[in-house]
Structures are given as structure tokens and as C-alpha cells.
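Thank you all for coming; I would like to take a few minutes to walk you through a structure that will be new to many of you. Please have a look at it first, and then I will go through some of its parts in turn.

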Amino acid sequence: MHYDLIIIGMGLSGLMAAKTAAEAGRKVLIVGKGMGCLTLFSNTIDVLGKIPETTRLRDGLSQWIQDHPEHPYSKVGLTRIEEGLSSFTSLFYPPYIFQTIGDGNCFIPTGAGTMRPTYLIPDTMVAGASGKEKKGLIVGFKGFRDFYAGYVAGPLNWRGIALPLPETPGQEISATALSRWMEKESFRKTIGQEIKKNLSGETCVGVPAILGINDPIKVKMDLEEKIGVGVFEIPTLPPSIPGMRIFNRFKEWLIRRGVNFLSGYSISKASLKGKRCEGVYIHHPPVSSFYSADRLILATGRFIGGGLVAGRERISDPIFNLPVRQPGSQEEWFGKSFFDEHPIHRMGILTDSSLRPIDETGEPILENVRVAGTILSGHHCVNEKSREGIEIATGYWAAKKAMEQ
Amino acid sequence: MNKKPWPKSNPDVCIRCAACMAVCPVSRVTPLFPGPKQAGPGAERFRKTEDPSVDPWIDLCIGCHLCDLVCSSGVPISELNLIARAKYLDEKGRPLRDWLLTHSYLFSGIASFFSVITNFLLKNRAFKWIADAFLSIDRRRELPPYQSPTFRQWFRGHHSTGEKKIAYFYGCYINTNEMDVGKATVQVLEANNFEVILPPQECCGLPMLGNGNFKGARKMGLKNVPFLLKTIRSGVEIIFSSTSCGYMIRHDYSRLLNIPGSEEVAEHLFDLFEFLRNLRENGNLNTHFKEFPLKVAYFAPCHLRSLGIGLPALDILRLIPSLQIENIEADCCGLGGTFGFKKEKYDISQEIGKDLKAAINRLNPEIVLTDCEGCRMQIRHLTGLKVLHPIQILRDAWMR
């Protein structure tokens with residue numbers, strides 16, 4: 001099969017690239033070894049959480065771009081970043097939409113008991129945003145081990161309770177099972193009554209982000225009606241239900257647009273001819289299939305998604321074996337805190353301003369390949385709180401640039 | 001390559017990320033199954049070949065492969081589960097029911113010949129009650145009726161002509177229970193100038209493999225592969241219309257069952273719509289379709305997704321003018337081959353099915369299309385709607 005564009009990687013950057021190309025009417029194949037990391041890390045859309053609390057995002061970004069010329073944001077540029085973000089938000093239609101609070105970052109409570117800055121949040125989290133001034137009740141569920149109400153409530157000086165689940169007392173329950181129950185009116189009735197009984201003067205209720213997969217706004221509004229105060233979701237441990245909603249929405253949209261969507265298969269080999277990639281082999285034992293393309297986008301993520309692999313001495317990209325920026329020796333891979341500017345986050349693929357992979361001298365290595373997402377070098381997305389922003393902006397821009405070719 | 005008869009797997013490549021927990025249809029509906037992360041790589045680390053199995057919940061894995069498809073670390077989760085299940089069932093012993101459900105190919109010929117009597121019995125409440133009480137085959141489940149003549153018998157009286165030859169692996173169910181799917185396949189291939197031939201064939205063995213009976217499944221594979229090898233070595237490629245049989249032959253025969261020659265067969269074996277899509281890619285597909293104003297919904301079976309070829313039926317059906325076709329946004333149908341017939345699993349099967357039913361209701365189609373016979377049975381059972389194989393619609397949309 002031949003495609004205008006093959007995208008390798010099914011995370012947010014790959015999905016954004018696929019959307020951008022499909023919107024322009026191109027024949028697209030998106031292939032991922034797994035389903036990407038949306039269901040692991042993402043709940044909301046971080047763009048640049050590191051900037052001072054009161055700064056407008058636009059000003060913060062523009063300053064950031066000036067100060068960090070090697071950063072992926074600097075390659076994409078402010079206007080394109082904004083275009084990418086609005087392309088992302090346009091995918092979601094009411095009632096489940098993504099929005100900002102004001103024109104900067106907002107702070108939302110997390111399952112780890114912190115308030116974290118983020119930019120775009122789904123409607124289900126709005127009532128908890130910048131909630132320090134409010135008085136809320138945090139509700140967890142016995143048997144759901146991925147969320148502890150007291151842990152979240154403590155630092156806020158709120159109250160946290162754990163409710164027993166009516167249908168499976170004493171058993172463990174997964175996030176997806178709990179989400180599915182939340183979609184049942186009878187379950188909401190029991191839980192709603194229980195929460196209402198436990199209210200003592202609180203004006204809002206925070207629950208783990210499990211308010212259903214298909215119609216979370218309906219679940220939220222119905223619960224609010226039953227309890228009598230506002231309800232909001234709090235991001236917690238994987239699997240992330242809000243991340244699944246994003247993934248499902250992309251998947252639905254892309255399949256409807258005729259994009260070939262292959263999850264579960266890794267690229268065994270890229271076929272290179274001079275400075276061009278002619279296509280890729282997908283190996284599904286015992287069969288190997290070749291897919292050719294005019295252009296390709298590499299959006300395979302970092303270590304968890306499998307985009308970067310650490311051997312004994314060096315870190316590499318297993319598909320194109322592109323140069324990866326990394327410290328000279330393995331001794332320098334280590335740092336004290338993973339969440340600070342840890343050296344492992346420094347590693348990534350070098351590109352020019354149009355996201356083509358380059359060698360140390362700045363020469364493009366492959367003319368028809370672009371690189372998008374967190375696999376790029378020049379960022380510290382964990383520390384900057386910029387993961388989704390980088391994925392959206394570079395996925396969008398890589399596809400735009402690829403189509404110009 | 002020197003391969004061991006049993007698959008070698010390494011649970012330690014699992015990084016515990018929980019992507020599989022996001023998609024498992026079983027752990028979503030019942031807390032009795034701990035989900036793929038724990039049941040697969042988690043529990044595997046504690047299993048020793050010489051120790052007895054300790055987790056009866058392993059038998060609740062429905063075998064949909066969805067966990068495998070989302071894992072970024074490449075853990076063969078459903079394979080780990082299947083091997084653990086096989087060991088558990090070997091130790092516990094299998095009821096007569098499991099033998100009956102997985103050996104229907106032995107009596108389907110007679111059942112089809114006496115279809116009037118068979119179908120009377122299969123619908124008879126007393127018979128179903130007995131099957132429920134003594135065999136634990138749930139009486140709420142419809143048992144598929146048999147047809148006479150069989151597809152193969154029909155084909156014997158049919159004179160297929162075309163420029164090139166193509167072989168067809170139709171599978172048991174098409175032969176005795178839904179022969180129109182076979183007929184439609186033959187008609188569509190002939191409309192594209194192919195002469196259809198039917199190589200000798202037996203049940204692919206998937207029902208046995210799905211029930212952890214590796215030995216029985218391997219026996220079926222050893223019977224089929226020589227027939228199929230002979231076909232491809234005479235220069236004829238093979239297509240299948242049942243995605244379950246197709247997945248079994250293309251991938252499980254070599255990877256799980258180590259059947260000699262199966263790798264060569266896999267290279268020349270195609271899904272029917274994958275084959276048609278290749279024809280189209282080369283400009284050789286007959287696309288003389290008439291206006292076909294119908295609202296249909298398409299459901300991608302688990303084994304089709306596991307084939308890793310995308311949704312070729314959807315790609316082809318979209319060429320039909322005026323046909324309104326939407327993809328159903330749901331994962332497993334819940335039948336899981338023989339899983340949903342079993343009394344102790346029927347409720348789980350139905351709970352999984354409810355999510356699919358809700359997704360179908362949102363689309364409100366006139367007809368539902370899906371490539372797998374199991375999914376067709378389950379969707380009929382869940383919705384009461386007319387459910388067809390996509391090839392039947394393609395045949396009907398042809399300009400004559």
C-alpha cells in the first residue's frame with residue numbers, strides 16, 4: 001500500500017499530525033507499537049506550566065521562545081503553536097470541550113495531593129480549578145486503589161472520605177470499571193445520596209477522574225443535581241480516563257476520515273535510499289508487510305513509548321538510528337530528582353527548524369522525514385510542564401511542513 | 001530459525017504502565033478478573049511449570065487480544081494468559097461441554113443433512129433447558145441453525161470461471177450455517193475475473209486453541225497446512241472471509257503451534273477485503289456499483305484488529321454510492337467464540353455486549369456488518385437487528 005504520509009507513533013503528536021494531514025485530504029497511515037501514552041500521562045493539556053502564575057500564556061511563550069532558541073516551541077513559533085492548539089480544541093464539541101481559565105495557566109488539584117499548573121482543561125475539571133479559595137469535599141472509593149481522598153484533601157485543608165462501593169464490597173475495582181458504573185443512573189443515585197449525606201458545609205465535591213468515558217458531562221450534571229453542589233474530576237494514576245477520551249475522539253475522527261489506523265505493530269525496518277525514506281516494514285510474525293510513502297513523520301515518544309532505547313553505552317532511536325543528543329558517557333545519565341532538570345530528559349533527536357532530523361553539522365539526514373513530539377531534543381517537558389503543548393504543536397507543524405514538500 | 005514448540009515469553013519487559021487496563025473488556029465489567037496487567041505479566045512472574053495453578057480467574061480472559069494491541073513494550077499478554085489458562089484447564093479437567101463446543105466440525109455434516117430436525121431441536125425450549133442443566137450451555141443463548149445444502153455442496157454444482165485462480169478457505173460456520181456468505185464471496189471474486197477453487201480443508205482449530213487445547217488445535221493445523229501448501233505451491237493465493245479462521249492460520253499456526261510450512265502459507269493468505277483493497281490499489285477492482293441507499297454500521301472484530309491490516313471492509317464499502325456507513329466505536333462484542341455460550345460466563349459476555357449495543361444504538365443503523373461469525377451471532381442476540389458479512393452488501397451493490 002502507498003500513502004501520502006506515514007506517521008509512526010500513536011501518541012498525541014502522531015494523532016495531531018494525522019489529523020492535520022487528513023484534514024488536508026491526504027492519504028494517511030498511522031501506526032503505533034501500542035496506543036501511545038495518552039492513557040498514561042495526559043488528563044489536561046499542559047503548554048508551559050513553568051511560567052509565573054500570573055503571566056499570560058502568550059507572553060510567557062513568547063519570552064520562552066526568545067530565551068530558548070533550541071526548544072521545540074522556538075522551531076514551531078508562537079502563531080503555529082496557537083494554530084495547533086485551536087486545531088486540537090476544535091476536535092471536541094460541546095458538551096465535552098477543552099477550555100482555559102482566563103488567559104494563563106490555572107491550577108488544578110491532583111491525585112498526588114498537589115496543585116499543578118496546566119492550560120487547557122476539560123469541562124469536568126473546571127469546578128476544581130484554582131480551588132484554593134473554595135471549600136470542598138474529596139470523595140474516594142474503597143477498593144479503588146489509585147486514589148486516596150485524604151492525600152488530596154490534606155494539603156488543601158479540605159475533608160476527604162472514602163465511600164464503600166455498593167456492588168462489590170471488599171473487592172478491588174479498576175478505573176475503567178468505576179467509570180462504567182458511573183454511567184449507570186442507579187449507581188449515581190446511590191453514590192449521590194451517600195455523598196450528600198456526608199456534606200457538611202462544603203460547596204463543591206472532587207472525585208477521581210472516572211466520570212464515565214462516553215458522556216462525562218451528563219454524568220457530572222446528574223451527580224451535581226443529586227448532590228446539590230458542583231462536582232469536578234481530579235487526575236490520578238494511570239490508566240487516565242480523560243486521556244482515553246482524547247484518544248478515542250481522535251481515533252473516531254481519523255477512522256471516519258479514512259485514515260488507516262494500525263495499533264499494536266512496530267516498525268521492523270525503514271527502507272532508505274540515499275537521503276530519502278521510501279517506506280517501512282511492519283512485522284507481524286510470520287508476515288512482514290511493506291508500506292510505502294512520499295513522506296514520514298517519526299513521533300514515537302521517549303523511553304516509555306519506545307521511541308528512545310537505552311543500551312549499555314548509548315541511547316538510540318531504533319527505527320532510523322538518527323543521532324540522539326546525549327551526554328558523552330553513561331555516568332552522566334543520572335541525576336538526583338527525576339522531576340528537576342534531570343539529564344535523561346535532555347536527550348532527544350536533533351532537527352532543523354522544519355523538524356527534519358539533522359546531524360551534528362546541521363545537515364538534514366533524511367529529506368522526507370520529520371520528527372515530532374517528546375522525542376525531540378531541547379526540552380524538559382516534565383519540569384517545564386509542557387508535554388501536551390509540545391506534542392500538539394510539533395505534530396501539527398511537522399504535518400504542515402511535510403505537506404509543503 | 002530454531003523455534004521451541006512453546007512460545008517463549010518474557011513478562012519482565014512489562015513496565016506496569018496500565019495501558020492494557022484501559023482497554024480490557026472483561027475487567028471493565030467484572031471485578032472477578034483482575035485485568036491483563038496482573039493476570040498476564042504480573043502473575044506470570046510467580047508461575048512455575050511444576051507448581052499447580054492457583055488462580056481460577058485466569059479462565060475469564062476472553063482472548064480478544066486488545067491488551068496486546070495497546071502495549072508499547074510488546075508484552076504478549078493474551079498469549080501469557082492463554083498458556084496459563086491451558087495449564088489451569090489441563091489440571092482441572094475440561095467438561096464434556098467444552099469438548100462439544102470445540103468439536104462441532106465432527107457432527108456439523110450430519111446436523112446440516114438433518115437440518116430440519118437439528119434446527120427444531122436447537123430452538124426447542126426443552127432441549128435448551130437440558131443443554132443448560134446438564135451441559136452448562138446457557139439457555140438464553142440462541143444456538144445457530146444449520147443449513148442444507150452446505151456451501152461446499154452448493155459449490156460442487158457451481159461452475160466457477162475466471163482468468164486467474166484464487167483459493168478460498170471458508171471455514172466451518174460458512175459451510176454449514178451461513179452459506180450465503182460463501183456464495184457472496186464466490187460471486188464477488190468471479191465478478192473480478194477470478195476462478196474460485198476450494199482446497200480441501202478442516203476446522204482451523206481456533207475453538208480448541210481458545211479453550212486452551214493446544215494439542216487438539218495443533219492436530220487441526222497439521223491437517224490443514226499440507227492442503228494449503230499444495231495450493232500456494234501451485235501458484236494460487238488463498239483468501240479467507242472469517243477473520244478468526246484467518247488469524248489462526250496466518251499467525252497462531254506458526255507462533256503458538258509451530259506447524260511446519262505455516263510460515264510459507266501465511267505469506268500467501270489474505271483477508272478477503274484486504275485482497276480486494278489490494279486489487280483496488282492496483283486499479284483492478286470492479287467498481288461498477290449501483291446507488292445503494294442504506295444506512296449501515298460496521299463493527300471491526302477483535303481478530304481483524306489483531307491481523308493488523310486496518311479496516312479494509314470499511315475502505316471498500318465506502319466506494320458504494322449512497323451507502324451510509326459508520327464505524328461502530330466499541331471494542332469486543334463479548335461473545336469470545338465459545339466463551340459466551342458457557343453458563344458461568346454468559347452474564348459477563350452480556351455485560352461486555354451492552355457497551356457495543358449502546359454504541360450501535362447511537363448510530364441507529366438498518367443493518368450491522370461484521371466479518372466474524374461470532375460477532376454476528378452476538379450482535380443479533382443483543383440487538384435483534386439484521387447482521388450480515390460486509391461481502392453480502394458488496395455483492396448486492398454490484399451493477400449487473
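I will speak about a sheet in chain A, then about how the two chains touch, and at the end about some pairings and packings in chain B. Please keep in mind throughout that what you see is a predicted model.

Let me begin with chain A, where an open sheet of 4 strands follows the order 8-7-9-10, with parallel pairing. Strand 8, residues 159-163, and strand 10, residues 230-234, stand at the edges of this sheet, and because each has a single partner strand, one side of each is left without a neighbour in the sheet. From one strand to the next the twist averages 30°. If we look at one pair in detail, strand 7 of chain A, residues 136-141, runs parallel to strand 8 of chain A and is joined to it by 5 bridges, and within this pair A:G140 has A:A162 in strand 8 as its bridge partner.

Two helices of chain A belong in this picture as well. Helix 6, residues 149-156, lies across strands 7, 8, 9 and 10 of chain A, and runs at about 170° to strand 8, while helix 8, residues 185-198, packs on the sheet and touches strands 7, 8 and 9 of chain A, its direction making about 145° with that of strand 8.

Turning to the place where the chains meet, how many residues does each chain bring to the contact? Chain A gives 37 residues and chain B gives 32 residues. Among the elements of chain A that give two or more residues to this side are helix 2, helix 7 and strand 13, but the largest share, 5 residues, comes from helix 10 of chain A. By class, the side of chain A that touches chain B has 17 nonpolar, 15 polar and 5 charged residues.

In chain B, strand 3, residues 237-240, pairs in the parallel sense with strand 1, residues 164-169, over 4 bridges, and also with strand 4, residues 269-271, over 3 bridges. B:I238 in strand 3 is the bridge partner of B:A167, and B:I238 has B:L269 in strand 4 as a bridge partner too.

Finally, helix 20 of chain B, residues 346-363, packs against helix 21 of chain B, residues 373-383, at an angle of about 75° with their axes 10 Å apart, which means that the two helices are roughly perpendicular. Helix 20 contributes B:G353, B:L356, B:K357 and B:I360 to this contact, and helix 21 contributes B:Q378, B:L382 and B:T383.

Conventions. Residues numbered from 1 in each chain as written. Chains lettered and ligands numbered in written order. Predicted model: local features only at pLDDT ≥ 70, side-chain atom pairs only at ≥ 80, totals over all residues. Contact = placed C-beta atoms within 7 Å. Nonpolar A, V, L, I, M, F, W, Y, C, P; charged D, E, K, R; others polar. Axes fitted to C-alpha atoms, helices over the stretch in contact; angles between N-to-C directions. Parallel < 35°, antiparallel > 145°, perpendicular 65-115°, else oblique. Pairing = 2+ DSSP bridges.
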